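Me: Please go through the cysteines and the sheet of this model with me.

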Amino acid sequence: MIRHIVMWKFREDADPTEFLTRLAALEGKIDCIRAMSVKRSAVPGSAYDAVLIADFDTLEDVARYKNDPRHVEVSALCKAIRTDRRAIDVEL
């Protein structure tokens with residue numbers, strides 16, 4: 001099992017609500033996602049504003065997810081409002 005973790009920092013003038021809502025809605029639509037959680041930081045002014053934690057069976061499934069047109073579309077929203085992004089895939 002692979003856990004895919006992504007954290008974002010958004011521009012101060014940006015509202016990431018649409019992006020985060022649409023990202024969370026991918027669970028159940030892209031079949032290789034085993035579980036997904038999208039959360040905002042509980043601490044104002046923290047290094048990152050939101051996080052995605054998603055589980056996949058394999059790294060190949062992570063790649064399928066990243067290249068799925070529905071994810072690519074949502075990702076474009078994020079690219080327009082983020083200032084930083086960090087990601088890691090870990091084996092469970």
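Some questions and answers on cysteines, strands and helices follow.

Reply: This is a predicted model, in which local features need pLDDT of at least 70, side-chain atom pairs count only at pLDDT 80 or more, and totals for chains, interfaces and linings use all residues. Residues are numbered from 1 along each chain as its sequence is written, and side-chain values use heavy atoms, with hydrogens and water left out.

Me: How many disulfides are there?
Reply: A disulfide is a pair of cysteine sulfur atoms within 2.5 Å. The sulfur of Cys-78 has its closest cysteine sulfur in Cys-32, at 19 Å, which is too far for a bond. The count of disulfides is therefore 0.

Me: Is Cys-78 buried or exposed?
Reply: Buried means under 20% relative accessible area, exposed over 50%, and partly exposed in between (1.4 Å probe, protein chains only). Cys-78 has a relative accessible area of 2%, so Cys-78 is buried.

Me: What is the strand order of the open sheet?
Reply: Strands (E, at least two residues) and helices (H or I, at least four) are DSSP runs numbered from the N terminus, and two strands pair if DSSP finds at least two bridges between them. The sheet has 4 strands with antiparallel pairing. Strands S2 (35-40) and S4 (82-91) are its edges, each pairing on one side only. The order is S2-S3-S1-S4.

Me: Which residue stands opposite Ser-37?
Reply: S2 and strand S3 (residues 50-56) run antiparallel and are joined by 6 bridges. Opposite Ser-37, in S3, stands Ile-53.
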